[in-house]
Amino acid sequence: MVNTPKAYTADRIWCLVFELFVVMSFKRDGDDLNLLRSLKHRRVCELLSSHIPDDEAMLLKNGRLTCMICTHRPIFDTLSMLAIHRKGKKHVSELSKYLLHKRELDTKKLKSEQRRYLCTGLVESMGHRALSGEAQGNKLLITQVAYSSCSKQRLGLQRKPILDIENISKETEIPGVATKNNVFPSASAQVRQYLKGLWKKKPLEKTVEKCRENYGEGWAKSLNNVVDISLPDCPESILEDTATSSRPCSEEDVARKKKADHELKLKMSGWIKNADGKWVQDPDVEFDSDEHEPPKSSD
Amino acid sequence: MHLYNLTLQRATGITHAVHGNFSGSKMQEILVSRGKSLELLRPDPNTGKVHTLLTVEVFGIVRSLMAFRLTGGTKDYIVVGSDSGRIVILEYISTKNIFEKVHQETFGKSGCRRIVPGQYLAIDPKGRAVMIGAIEKQKLVYILNRDAEARLTISSPLEAHKSNTLVYHTVGVDAGFENPMFACLEIDYEEADTDPTGEAAHKTQQTLTFYELDLGLNHVVRKYSEPLEEHANFLVSVPGGNDGPSGVLICSENYLTYKNLGDQHDIRCPIPRRRNDLDDPERGMIFVCSATHKTKSMFFFLAQTEQGDIFKITLETDEDMVTEIKLKYFDTVPVASAMCVMKTGFLFVASEFGNHYLYQIAHLGDDDDEPEFSSAMPLEEGDTFFFAPRPLRNLVLVDELDSLSPILACQVADLANEDTPQLYMLCGRGPRSSVRVLRHGLEVSEMAVSELPGNPNAVWTVKRRVDEEYDAYIIVSFVNATLVLSIGETVEEVTDSGFLGTTPTLSCSALGEDALVQVYPDGIRHIRADKRVNEWKTPGKKTIVKCAVNQRQVVIALTGGELVYFEMDPTGQLNEYTERKEMPSEAVCMALANVPAGEQRSRFLAVGLADNTVRIISLDPLDCLSPLSMQALPAAAESLCIVEMGAGETGGEGEPGTTGSLYLNIGLQNGVLLRTVLDQVTGDLADTRTRYLGSRPVKLFRIRMQGSEAVLAMSSRSWLSYYYQNRFHLTPLSYESLEYASGFSSEQCPEGVVAISTNTLRILALEKLGAVFNQVSFPVDYTPRKFVIHQESAHLIITETEHNAYTEDTKKQRRIQMAEEMQEAAGEEEQELAREMAEAFLNEDLPESVFSAPKAGPGMWASVIRVLDPVEGRTEQLIKLDQNEAALSIALVKFANQADNQQFVVVGVAKELQLNPRQVGGGFLYTYKVNADCTHLELVHKTPVDEVPSAIAPFQGRILVGVGRMLRLYDMGRKKLLRKCENKHIPNLIVNIQAMGRRIFVSDVQESLYMVRYKRQENQLIIFADDTHPRWITIATVLDFDTVATADKFGNIAVIRLTGNVTDDVDEDPTGNKALWDRGLLNGAAQKAGIVANFHVGEICMSLQRATLIPGGSESLVYTTLSGTVGVLVPFTSHEDQDFFQHLEMHMRSENPPLCGRDHLSFRSYYYPVKNVLDGDLCEQFNSIDIAKQKSIADDLDRTPSEVSKKLEDIRTRYAF
């Protein structure tokens, strides 16, 4: 269609597209132009519908959609219906409730993390979670313990948590959070702010489209189940990395890769890192009798 | 995925065997059941070879089989008890070579059930009634009779049920012409069942019960019942009426007892035992099978013990009262599941495991020095007689029928570098087990090889007279000479035959009654019986280039494409036809069919021309030498051959069978063989089948095989095309390549082939027609269990493990100990004698393969690890394990932390393993280092484990071991293997581990498959999915990353697949706070595999492998079963094919219901509904059903019958043979 002469009107193109559609899909028996027309209309509506983030609606198994914001989970047949619903009063009020609730949850989580830290001195392993998430980026070495200002402080200090009991009374909050908590923005302002940030999220259409394209094949697998017949000496993380980024590796990268390699090898043979970052033997794993220290990296 | 099931080789193990005159002729046949097929065998009384007459798949399980004959009849009928809930009576129709269902009476539910009859059959020896019994409660009696037209009739069933009764065996008692009587071994468990203390269970006695069919009142009464002292296992009916005393012999542990109704006393005789047997002397001895031989004047029984010793049992009578049982050691043969004594003096032994044998009874053992034991000899209770086993004296082995059963493991590989892969199998049990190498091809036995003075071009055989049985001359043609050899006691050159020796020969043949003809380039030489010679010379400078000859006709092609036709007139003169025929181009080959019986001439001549055509020319006097039809070929023809194939078996008395049709076989220069139907009326060519044979031009020769014509085709490999049991077979010969051949018949070799290969003349015999594989067998010591292939050196490493057995060392120790005891027990004056006896005992060497191995008792194991070169059959190394160590698993591994290419063999060994209930005193993983050419294994270390190491698999440079129910990952360590990781969530016992990429497929003994992923970051093995059905897996194989094929112990094959949305990226949940609904049902995995295909094979599959069986063929799933079946599941590549076969299967199900009354669909859905698998075995029965039915089915499929059979042949040859 690159060299289409200008004489082709928009109508003609539509016809071509339409024909292509008809030919490529399957043979129709009757001439149900009405149905086709409505399908076309729906498609156009979908393309023109406003941006709906991926996590605010869900495609159900039967091909319908549901709104994840509204607690009563209304069901819609098409994206356009969902879009219309999202503009409605009911949805907006539900959205404000939802945001409020989400905020509370976030705070709660942060608090619980803080409390755990105070008890154990350990920060929840972010790296572990990050492995599967997209936030991974090009980070090569995923450590059990993510960076945390708290843990830096704690390194070397083996204080008993009980000693700090006065400092953390039940009511006192973490300073930063506490101050923010006091000045809660109004609901409508929150909604506004939230709506502004919506465009950054992954749109639902794409997910829906992909889902429909691979209908019956199981799209989930094609998305994230890359067949991995990797050799034991090249760890998954590297494979993933090389697969995603094609940029040349710097020397630093190579060194990091090697280190990652080595660590993976240690983990596979039963060494675990303790709280101090030292390698210790897993008690459930057997080692050669003279193997007290983890083997050094090859270089 | 849709699959098509094809059986390449039917089961070879025999479950039942009966003999009788099934064809109605004087010949006796043996009918055997091989589990789910029936096969009729006929031992040839002259040659002693066993030929198969007919094999029928019955799609049901044959549970019992009996032959019977109506009083005064000459033909035996067959009664079959099966899992169909029906009694079926079959008749063998020899003219059509089929079994015909005479009667089929339904009495119960289908399936092998406890109270539905079918397990036991008993026939009234006079053929008046049959009793069919269940294991529990039910017994039905049918009265057999004949109607006014002498057809067999069957009555409605008469019940002889007794509840709370278990049955062990039933026989028909020979009561002469009094009311029919049946004897049953029963036990009444009612009291034992109701007694909570369990005391009654100990007291309950087995009873011998007689049931009488009152023919007058038409009902069955339980006439008499008597408790037995010993627990018996089977009954033998004693001839009665005018032939003997009637009654039954009861075979029980250590004793044989004669019982009869009336005032007959019991006669009891202990079963003799081997002298100085290594077996536990406390262990009882039982008879396991018997055969009765009865003539008008005498009768005797042959009964076999579980050690294989046969005793001849005779009864002494005094006025119809038995006074004495006499036992005499007869011979020792492998333990049988059934024995048949034939009228012709043969003993057929259907072995329990391994090959079956046909023996000739050379002596009846009446007048030899073997001691005879008698019930009249005084013996104390518990004491018995002793005898010494010895090699065969009364029996002579005449034929051996190969049996693979049981196949314990099989792998397809091309280790011998032959481009067609071989099947490597572990077969047999105990000391009779073997490693067998199967190759596709017909076994060729070489009768003679002789060198010739030069390189011959061609060879023929001719008879002196048409009515002579054997050939008289072998004519060998060289470049410039012809050599004539006469066949007699020896083969020697003769010069007085009348053949011209100074010229090469184009063809020669016997002509008419007693004349010979030789065609050579310059003419034709007609040699009359009185040595008068008529010569016909070629005109001018023309020479004969090709010729075709049969019994009455000669056609020659001269240079330039001129055909001259000669025919023999009634005076025996060879006359030239008045006209000659000019062909458009040079003739490159010609063929004439044989003259049909009772006719003057063959009506067709086939000529292959240089313009890539084959023409059919009429030889009818009305339109002589006029063309009838023509076929264009893809390449120039090399050779032609017209044969008549597809004729039914001619019956025993020479009655004509069904006539076959003519086939024109065309061998092309590009190595392709075409087979075309030649219409016997019009001469039209139709229905061409094509097959590539090899790289050289195909030469064709007509020979005779088992009384019908066959074609020997020679390319780079030799093939035999023949019609056998309603199917065309094209099978390669497992022999070196040949150049020219001809049929050969002499006294030593009635149906052979004489062939030339370079400068040798060979006489060959092809005996095992119908066999797909020829096999080479290498004996091994114990039951071989598993093996791995060392690819680099093509060696096999085999574990052999025997339960209930002593190792060599223990045996030796026991012998020495027994010898010492012998000497100690002897008195002062017998010392010398005792020492001699002990010495003789120590030196005694009876091969265990015949005399069976001593039984050591449960929990006693012997194992070896063997390195075998399967091409040469040489054992490179034999590692003997200690007593009670059972080698159960083996794997060949390369460890990542060891030197590159250093291979290790890891063998899983259980110590002091008790099978039921399973207990184990620990286990070991033996790690052996393999040297580069795999001739030596060196023990590196021994790793103790706490459970049975039942499965090992290499995985990413380490090994996965199933230790009991634990799945463990081991790495190589210095002093032992190091356990690195473990999963404890497999429920029972791991039997198989397969790995692909990061996925591991673990089979549990009773809970089907578990899909496990190894997470390297966490060093964890995590189950991420499992199966929905509890399959009792015997073997599993990975088909692709998501798909696994499994076989289970109930005879099913299933293909299961992880559907698209299953992910192996799951976390284990040690904290238990995973959502309840996310944890899966009943502790199963959250994700489930789906079922792609289900199929009931009917036999237990022990191996599954994805492999190509023919070079250039596509991959298929090859399975082997315990009964010795080799089959393939072939994937359909097109929807049309699948649709076609689906419809064909559907029509076959309705038009050709299985012989034993089991519904085909329900048989194939025995445990799980059949899914996506079509049954080729049923579809291929299309070729053997009635022509009218074939036509109607083909019409429904919009095809012709020949198109249908072509499709059947195509799908078979595309994947297999």
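Buried area is the accessible area, probed with a 1.4 Å sphere, that two parts lose on being put together, summed over both. Keep that in mind for this predicted model, where domain 1 and domain 3 of chain B bury about 780 Å² between them. Carbon and sulfur atoms give 55% of that area. Below, we look at how these two domains meet, then at a few spots along the backbone of chain B.

**The domains**

- Chain B is assigned domain 1 (62–227), domain 2 (456–647 + 661–700) and domain 3 (1132–1215).
- If you take the C-alpha centres of domain 1 and domain 3 of chain B, they sit 35 Å apart.

**Where domain 1 meets domain 3**

- On the domain 1 side of chain B, 13 residues make contact, and they touch 7 residues of domain 3 of chain B.
- Three residues are worth finding in the structure: D83(B), S84(B) and K101(B) supply 40% of the area that domain 1 of chain B buries against domain 3 of chain B, more than any other three residues.
- D83(B) turns up again in a salt bridge with R1158(B), where the closest N and O atoms are 3.1 Å apart.
- The rule finds 1 salt bridge across this interface between domain 1 and domain 3 of chain B.
- Polar contacts are there too, with a count of 7 residue pairs between domain 1 and domain 3 of chain B, both residues at pLDDT 80 or more.
- Which elements give two or more residues to the side of domain 1 of chain B that touches domain 3 of chain B? They are strand 7 (77–82), strand 8 (86–93) and strand 9 (98–106) of chain B.
- Sorted by class, that side of domain 1 of chain B has 5 nonpolar, 5 polar and 3 charged residues.

**An annotated stretch**

- An unreviewed UniProt entry labels residues 14–401 of chain B "domain: RSE1/DDB1/CPSF1 first beta-propeller".
- Residues 14–401 of chain B are 52% strand and 3% helix, and the end C-alpha atoms of this span lie 11 Å apart.

**Backbone oddities**

- Most peptide bonds are trans, and most residues other than glycine have a negative phi.
- The bond from S405(B) to P406(B) is cis, with omega near -5 degrees, and P406(B) sits in the loop between strand 33 (395–401) and strand 34 (407–413) of chain B.
- Another cis bond runs from N916(B) to P917(B), with omega near -5 degrees; look for P917(B) in the loop between strand 72 (903–911) and strand 73 (923–930) of chain B.
- N254(B) isn't a glycine, yet its phi is positive, near 70 degrees. You'll find N254(B) in the loop between strand 20 (248–252) and strand 21 (255–259) of chain B.

Terms used:
Residues are numbered from 1 along each chain as its sequence is written. Chains are lettered from A and ligands numbered from 1 in the order in which they are written. This is a predicted model: local features need pLDDT of at least 70, side-chain atom pairs count only at pLDDT 80 or more; totals for chains, interfaces and linings use all residues. Side-chain values use heavy atoms; hydrogens and water are left out. Domain bounds come from an automatic or database domain assignment. Contact means heavy atoms within 4.5 Å. A salt bridge is a side-chain nitrogen of Lys or Arg within 4 Å of a carboxyl oxygen of Asp or Glu. A polar contact is a pair of N or O atoms within 3.5 Å; within protein, one must be able to donate a hydrogen and the other to accept it, and residues adjacent in sequence count only if both atoms are side-chain atoms. Helices (H or I, at least four residues) and strands (E, at least two) are DSSP runs, numbered from the N terminus. Ala, Val, Leu, Ile, Met, Phe, Trp, Tyr, Cys and Pro count as nonpolar, Asp, Glu, Lys and Arg as charged, and the others, Gly among them, as polar. UniProt positions are given in the numbering used here, feature names are shortened, and annotations may be inferred rather than shown by experiment.
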